[in-house]
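Here's a quick briefing to read alongside the model. Take a look at the chain first, then go through the points below.

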Amino acid sequence: NSGVMVLKPSIETYMNLTRALEGVRLHESVFYEQGFLADFFKDTWAALPACFNFCVRYLRRPLYKDLNASNVAILHFAKCKPWDMSLRALAQKEADAQVPPGPPER
């Protein structure tokens with residue numbers, strides 16, 4: 001996923017990317033540039049520690065259990081952005097879906 005990436009500058013990689021993109025229509029590709037980059041770097045990428053890619057959309061996942069505002073370096077807003085009010089209802093629905101259900105009502 002190219003939501004958050006760290007790249008080592010390289011003319012060789014740039015040239016290879018440029019060649020690989022010839023004739024590619026990203027807007028017609030599955031996952032757009034993310035799919036292309038996933039294929040291009042498929043054998044050479046390494047996952048970042050969760051604190052460098054804290055995906056707010058999935059904040060209740062076990063991966064993030066030890067993270068909080070004081071030890072997260074990058075907040076990654078996948079899909080719903082806090083500044084996009086048109087997606088506010090969807091963002092709230094996704095956040096609510098992550099909350100474990102409470103005890104049944106009586």
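Leaving out residues up to four places away in sequence, V4 touches L48, F52, N53, I74 and H76. This is a predicted model, by the way, and V4 is a handy place to start looking around in it. From there the notes move on to N53, the helix pair, the salt bridge and the overall layout.

**Around V4**
- You'll find V4 in the segment before α1.
- V4 has a relative accessible area of 16%, and the cut-off for buried is under 20%, so V4 counts as buried.
- F52, one of the residues V4 touches, sits 48 positions from V4 in sequence, yet their C-alpha atoms are 8.2 Å apart in space.

**Around N53**
- N53 belongs to the loop between α2 and β1, with β1 covering 54-55.
- What does N53 touch, leaving aside its neighbours within four places in sequence? The list is V4, Y64, I74 and H76.
- I74 and H76 therefore turn up among the contacts of V4 and also among those of N53, with contact meaning heavy atoms within 4.5 Å.
- Is N53 buried, exposed or partly exposed? Its relative accessibility comes to 23%, so N53 counts as partly exposed.
- N53 and L75 are 22 residues apart in sequence, and their C-alpha atoms lie 6.3 Å from each other.

**The α1 and α2 pair**
- Helix α1 takes in residues 11-21 and helix α2 residues 32-40; their axes come within 12 Å and cross at roughly 125 degrees.
- That angle falls outside 65 to 115 and is not over 145, which means α1 and α2 are oblique to each other.
- The crossing of α1 and α2 is right-handed.
- On the α1 side, the contact is made by T13, N16, L17, A20 and L21, while α2 brings in F36, L37 and F40.
- Sorted by type, the residues of this contact between α1 and α2 are six nonpolar and two polar, with no charged ones.
- Which residues of α2 are buried? They are G35, F36 and L37, and the buried residues of α2 pack against α1.
- L37, in helix α2, has 18% relative accessibility and so counts as buried.
- L37 and L17 are 20 residues apart in sequence, with 8.8 Å between their C-alpha atoms; both help make the contact between the two helices.

**The salt bridge**
- How many salt bridges does the structure hold? Just the one.
- D66 and K65 form that salt bridge, their closest N and O atoms being 3.1 Å apart.
- D66 has 56% relative accessibility, so D66 counts as exposed.
- K65 has a relative accessible area of 64%, so K65 is exposed too.

**The overall layout**
- The protein's secondary structure amounts to three helices and two strands.
- Starting at the N terminus, the order of elements is α-α-β-β-α.
- The protein has 106 residues, and 17% of them count as buried; V4 is one of the buried residues.
- Of the contacts in the protein with a separation of 6 or more, 38% are between residues 24 or more positions apart.

Methods
Residues are numbered from 1 along each chain as its sequence is written. This is a predicted model: local features need pLDDT of at least 70, side-chain atom pairs count only at pLDDT 80 or more; totals for chains, interfaces and linings use all residues. Side-chain values use heavy atoms; hydrogens and water are left out. Axes are lines fitted to C-alpha atoms, for helices over the stretch in contact, and angles run from 0 to 180 degrees between N-to-C directions. Helices (H or I, at least four residues) and strands (E, at least two) are DSSP runs, numbered from the N terminus. Angles under 35 degrees count as roughly parallel, over 145 as roughly antiparallel, 65 to 115 as roughly perpendicular and the rest as oblique. A crossing is left-handed if the near helix is turned anticlockwise from the far one by less than a right angle, and right-handed if clockwise. Ala, Val, Leu, Ile, Met, Phe, Trp, Tyr, Cys and Pro count as nonpolar, Asp, Glu, Lys and Arg as charged, and the others, Gly among them, as polar. A salt bridge is a side-chain nitrogen of Lys or Arg within 4 Å of a carboxyl oxygen of Asp or Glu. Buried means under 20% relative accessible area, exposed over 50%, partly exposed in between (1.4 Å probe, protein chains only).
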